[in-house]
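Please open the structure in a viewer and keep the sequence panel beside it. The tour below proceeds by selections, and each stop states what is to be found there.

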Amino acid sequence: MNALRRRLLQGAAALAAAALTPLAALAATWNKEAFGAKSAGEALKNIGAPDAAPSGDVVIDAPEIAENGAVVPIEITSNVPGTRSIVMVIEKNPFPLTAKFDFLEGALPYVKVNVKMGETSDIRVIAEANGKRYAATKNIKVTIGGCGG
Amino acid sequence: MRALLVGLLAVSFAASAQDAKKEIQKYQQMIASGSPAELFELEGETLWKKPQGPRNVSLDKCDLGKGPGVLKGAYAALPRYFKDAERVMDLETRLLYCMTTLQGRSREEATKRVFGNENEPSEMEYLSAYVAGQSRGVKMAPGTSHPKEKEAYALGRALFFHRAGAWDFSCASCHGEEGKRIRMQDLPVLSEAKYARPVMSTWPAYRVSNSQFKTMQWRINDCYRQMRMPEPSFASEATVAMNMYLAVNARGEPYRGPGTKR
Amino acid sequence: MSRLFLLSLVFLAAKATAEPSANDVTKVLQRDFHPRGQATMDRVVQDGLQRVCTETHDKPPADVAKALEADQMKTVVYPQGSLMGDWKRGEKMAQDGRGSMWSDKAGAPAGASCYNCHQLSPKEMSYGTIGPSLAGFGKKRGNGADVQKYVYAKIYNAKAYNACSQMPRLGYAGTLSEEQIKDLTALLLDPASPVNQ
Amino acid sequence: MAAGPMKMRANLGQGFTDIRVLMTHPMETGQRKDSEGKLVPMHFIQNLTVKVNGKTVIEAQTSQAVSRNPVFSFRLKGGAKGDKIEVSWLDNKGETNKTEAAVA
């Protein structure tokens, strides 16, 4: 069963939502295989962004130490001209693939988002431009904050 | 040679401790610039205007000290003495007063769930976010002239240094000495203006560690929990006095909240 | 109006805003706090040590401090045999900040909260600084019988060595068991413990 | 908070438009236990769409690893005051929400 059909079969709430939702949003795809992958390599392969050589043009701005893994702010900028997408994986999360952003005409390849990290891990970002891929990695330490009670 | 090595090690250790501090500060800045706190202000505004209770009226005639329904700068002037209630009140205590007097709700019903959770924040939390947000940019000026206000400050100060409980703690056990921290968190010396100002001007706040919006009453409550004390009663004189002590220590600081905390 | 009456008015006004005594504060706590879970109301009643530390802002006169410390030392109960337990259990406990709060299950083993205030294993980067660093504690002092006794007693009742220390009396307060304090002693003194690496 | 209100700000910057959007959503991972020890079922935003004056400019797929009550910042090329920005999301339960703002 494809994702769209399953979604349509999800009952009244979904149907009601569907009636109000523009067709574009309803038809949106969510790559189940990639998001369900348990290794970063597999996830990247499934999302169509297999690992690439590091590039200084992809910049991850994030604190090196996060006081709390529940909210880790990550800012990603691609300075590669013609960047069409940015894929982000958190290597040590149970499901590493975190997000894929497609930038169409009019958008700059930039995003800032808060993510969850189960433990200290590398964050890996792959930007795609003109059929080529460019990678960046940053290690973020997740610490224990507060009194722990 | 050995001394040099030890010296170098010490230097690199100090450097890494400095780096860690810098990175933690960066973490705090980054979470503050992407905070969901505003969502709580939005919900709070809806609740403020929603008719409730046996009288089916909203809170928009509630007098927070600046006159009925005046919100601008009201939070920054709390706690203060209220003649109608004949006592000093902080924001939540006053909200509770309005719920019982204006909306005709029972104290029991209105305080049934004062602290919410991540799935269901409390009415007090939403309302605090909204009301506090209406004081952004206003200098904090809690009441300091009425004898009851002076009394509240003095009691708050005494509470701050009072050691009790299973672990012999006072507030000052953790917040009494400069340059100390718990785990990675710097501990503000809340008896001093320099430290009280940035703290008090950003509460109430969204806490990222549990995705919840938290109020000052909660902050004080949770400190006493971790001090291994029994639980302070909501809106009690002791909690308002503590709030008063901290707010007076921070007076003059422009309010910048609701903030975002670890 | 008599002068005496006026004077007493002034006196009353001054008294109204004077610092409440420890006794006054206790009465406020008894009125404004309520028991919850294991945090019962007897906790708001100060013992002599808490009272003296409150009244002197933690700086009691030397002779008073000495007497208090001697008094606290009498509360320490040493177990039979070795005072060194299992440092691995000790490390786990040192990381754990729970215990004795109203939110903790009564009777469940408590943590020791060590890292909240102390550096211990140099590998743990998240440590507090309210207490001194204990990294390399055993390496510097060895683990002879006297050192073991000192560490055990310090954890059992920190006030036996420093009357108004901010460290809880973990054994005396009933937070940690004899077995647990032995494990913590091992964490500080066992040559294999990460604290001594 | 369950899935609920959104808030957005869009401001003209130096040659680009800065968008910041807040969403109320639990972003449940399916691995968290509630206070009774029961697993809370997965519930998270899977798709995000950003439109400018009706034209889609960003499409995103997201996982449960995005933090609860998500906050996203995006940037658009150029832009003008009054441009209408619309952000919508769709989650794994088929719930959806959207918000609009004019560039200030």
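Is D:Glu28 buried or exposed? Select D:Glu28 in this predicted model: with a relative accessible area of 4%, D:Glu28 is buried. Next add D:Arg32 to the selection; the two residues form a salt bridge, with their closest N and O atoms 2.7 Å apart. D:Arg32 counts as partly exposed, because its relative accessibility is 27%.

**Chain D as a whole**

Widen the selection to chain D. A cartoon display shows 7 strands and 0 helices, so the order from the N terminus is simply β-β-β-β-β-β-β. The C-alpha trace of chain D spans about 50 × 20 × 20 Å along its principal axes. Of the 104 residues in chain D, 56% are buried. Among contacts in chain D with a separation of 6 or more, 54% are between residues 24 or more positions apart. If a surface is drawn, the accessible area of chain D comes to about 4,100 Å², and carbon and sulfur atoms hold 49% of that area.

Now select D:Lys7, D:Arg9 and D:Arg20 together with B:Glu38: a network of salt bridges links these four residues. Then show chain C beside chain D. No contact joins these two chains, and their closest C-alpha atoms lie 12 Å apart.

**Chain A**

Hide the other chains and select chain A. Chain A contains 5 helices and 8 strands. Following the sequence, the viewer passes through the pattern α-α-α-α-α-β-β-β-β-β-β-β-β. Buried residues make up 52% of the 149 residues in chain A. For contacts in chain A with a separation of 6 or more, the share from residues 24 or more positions apart is 59%. The exposed surface of chain A is about 6,400 Å², with 55% supplied by carbon and sulfur atoms.

**Where chain B meets chain A**

Show chain B again alongside chain A. How many residues of chain B are in contact with chain A? There are 19 on the side of chain B, and they touch 21 residues of chain A. The size of an interface is often given as the accessible area lost when the parts come together. Here chain B and chain A bury about 1,800 Å² between them, with 56% of it on carbon and sulfur atoms. Within chain B, select B:Glu23, B:Tyr27 and B:Met30: these residues lose the most area to chain A, and together they account for 34% of what that side buries.

For the polar side of this interface, select B:Lys26 and A:Asp61. Their side chains meet in a salt bridge, at 2.5 Å from N to O, and the count of salt bridges between chain B and chain A is 1. Across the same interface, 7 residue pairs are in polar contact. Colour helix 1 (2-32) and helix 9 (216-226) of chain B, the elements that give two or more residues to the side touching chain A. Helix 1 provides the largest share, 8 residues. By type, the residues on that side of chain B divide into 8 nonpolar, 6 polar and 5 charged.

**Within chain B**

Remain on helix 1 of chain B and select B:Lys21 with B:Asp186. These residues form a salt bridge, the closest N and O atoms being 3.3 Å apart. The pair links distant parts of the chain: B:Asp186 belongs to strand 4 (residues 185-186), B:Lys21 to helix 1, and 165 residues separate them. B:Asp186 is partly exposed at 46% relative accessibility, and B:Lys21 is partly exposed at 38%.

Move next to B:Lys61 and B:Asp60, which form a salt bridge with closest N and O atoms 4.0 Å apart. B:Lys61 is exposed, with a relative accessible area of 55%, whereas B:Asp60 is partly exposed, at 37%. Over all chains, the count comes to 36 salt bridges.

**Last stop: B:Ser236**

Which pair of chains has the most contacts? Among the 5 pairs of chains that touch, it is chains B and C. Select B:Ser236, in the loop between strand 7 (231-232) and helix 10 (237-249) of chain B. Leaving aside residues up to four places away in sequence, B:Ser236 touches B:Arg87 and C:Asp32. A polar atom of the B:Ser236 side chain lies 2.7 Å from the backbone oxygen of B:Ser233. B:Ser236 counts as buried, because its relative accessibility is 9%.

Notes. Residues are numbered from 1 along each chain as its sequence is written. Chains are lettered from A and ligands numbered from 1 in the order in which they are written. This is a predicted model: local features need pLDDT of at least 70, side-chain atom pairs count only at pLDDT 80 or more; totals for chains, interfaces and linings use all residues. Side-chain values use heavy atoms; hydrogens and water are left out. Contact means heavy atoms within 4.5 Å. Buried area is the accessible area (1.4 Å probe) that two parts lose on being put together, summed over both. A polar contact is a pair of N or O atoms within 3.5 Å; within protein, one must be able to donate a hydrogen and the other to accept it, and residues adjacent in sequence count only if both atoms are side-chain atoms. Helices (H or I, at least four residues) and strands (E, at least two) are DSSP runs, numbered from the N terminus. Ala, Val, Leu, Ile, Met, Phe, Trp, Tyr, Cys and Pro count as nonpolar, Asp, Glu, Lys and Arg as charged, and the others, Gly among them, as polar. Buried means under 20% relative accessible area, exposed over 50%, partly exposed in between (1.4 Å probe, protein chains only). Accessible areas come from the Shrake-Rupley method with a 1.4 Å probe; for residues, only the protein chains shown count as cover.
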